[in-house]
Structure formats: structure tokens, C-alpha cells
Amino acid sequence: MSAVEAKLAELGLTLPDVVPPLAAYQPAVQSGSYVYTSGQLPMVEGKLPVTGKVGAEVTPGEAKELARTCALNALAAVKSVTGDLDRIARVVKVVGFVASAADFTGQPGVVNGASELLGEVLGDKGVHARSAVGVAVLPLDAPVEVEIQVELVP
């Protein structure tokens, strides 16, 4: 077991299976020393646990937890191309999309769920640049979608 997966276990988490693509793309690709994930939905065992807009059908607290799930799914996608999460030198960038009710402005707090998970699991290697974007709708009516970019150890 890698050190990263041991840390996940210590936190009571397990790395899920990679979420299969919904369309014509790969969950993650490596280019040089970087891995770029596709947007990861908060799928759990092949299903979205919640759908709808944050600030309407979904509370900000629920959405923050869903963002954590997205980040966990993103780590699974990274492992699918690297074979070992211990190869992560650092998370470079996180982009979070939040399907938002018209008056909802708390997107950064929602995406903190992903950022905090990466920090808990990877420590200083999880510190990253980030964007948190409100959108009208996401695939499958998901409340949150997260993509990450990581640099690998040479």
C-alpha cells in the first residue's frame, strides 16, 4: 500500500474505482510530468447520491461533502495512469464547478471540500492554485464537478 493510500485509510477513506467516462474522453491523461484529470462528478458506486442546484435542492454543506468525493474520484483517476499516488510531487491546480441557484455565491466554500481533502491526504503536496466557478447545470444534474492537475516526481 502506498503512503498516500495509507493516509486515506487513516482518514477512514478508500480509493474508489475510477468512474467510467460518460462520453468520448479519458478519466485522466499524462503529458510529460503532469497528469490532468477530466472533470470528476461525485459518483459513489456508479451513482450520484444527490442531484440539483446548490442553494436550492442541495445545501452548501452537502455540496462541500460532494466536492470531497469528487477529489477522491480525481485521485483514483490519477492513480489509473500513474499506478502509484506516491508519484505525486504536488497538486498544481484544482478547478471546481458548482451548479448554483441564481442567488448562490458560496462556490469557494463548496470547492473547499476538494481542497481540504487534498490537503488532508497529501499535506504540503496538496497545496494548489484553484478556481471555483458557478454554472447553470452540470452533467447528470450533478451539484459539483472537480478536476485536478498534478505534477509527478521525476
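Helices here are DSSP runs of H or I with at least four residues, strands are DSSP runs of E with at least two, and both are numbered from the N terminus. With that in hand, let's start the tour.

**Before you click**

You're looking at a predicted model, where local features need pLDDT of at least 70, side-chain atom pairs count only at pLDDT 80 or more, and totals for chains, interfaces and linings use all residues. Residues are numbered from 1 along each chain as its sequence is written, and side-chain values use heavy atoms, with hydrogens and water left out.

**The whole chain**

Show the protein chain as a cartoon: you should find three helices and five strands. Going along the sequence, the pattern reads α-β-β-α-β-α-β-β. The radius of gyration (taken over C-alpha atoms) is 14 Å. The globule rule, 2.2 Å times the number of residues to the power 0.38, gives 15 Å for 154 residues, so the chain is as compact as a globular protein of that length. Along the principal axes, the C-alpha atoms fill a box of roughly 45 × 30 × 25 Å.

**The sheet**

Now select the strands. They form an open sheet of five, in the order β1-β2-β5-β3-β4, with mixed pairing; two strands count as paired if DSSP finds at least two bridges between them. β1 (28-31) and β4 (129-135) sit at the edges with a single partner strand each, so one side of each has no neighbour in the sheet. From one strand to the next, the twist averages 15°; angles run from 0 to 180 degrees between N-to-C directions, and axes are lines fitted to C-alpha atoms, for helices over the stretch in contact.

Zoom in on β3, residues 88-99: this strand pairs with β4 in the parallel sense, over seven bridges. Click V95 and look across to β4, where S131 stands opposite.

**Helices on the sheet**

Next, select α2, residues 60-82. This helix packs on the sheet and touches β1, β2 (34-37), β3 and β5 (144-152), where contact means heavy atoms within 4.5 Å. The direction of α2 makes about 40° with that of β5.

Then pick α3, residues 107-122, which also packs on the sheet. Its touching partners are β3, β4 and β5, and its direction makes about 145° with that of β4.

Stay in α3 and select S115. Is S115 buried or exposed? At 15% relative accessibility, it counts as buried (under 20% relative accessible area; exposed is over 50%, partly exposed in between, with a 1.4 Å probe and protein chains only). Setting aside neighbours within four places in sequence, S115 is in contact with H128 and R130.

**Over to α1**

Select α1, residues 3-10, together with α3: their axes come within 8 Å and cross at roughly 115°. That makes the two helices roughly perpendicular (the range for this is 65 to 115 degrees). Show side chains here, and you'll see V4, K7 and L8 of α1 meeting E120, V121 and L122 of α3.

A6 is in α1 too, and is partly exposed at 32% relative accessible area. Draw a C-alpha to C-alpha distance from A6 to V121: they are 115 residues apart in sequence and 9.2 Å apart in space.

**Last stop: P21**

Move into the loop between α1 and β1 to find P21. P21 is partly exposed, with a relative accessible area of 35%. Its C-alpha is separated by 29 Å from that of A102, 81 residues away along the chain.

Definitions and conventions
Angles under 35 degrees count as roughly parallel, over 145 as roughly antiparallel, 65 to 115 as roughly perpendicular and the rest as oblique.
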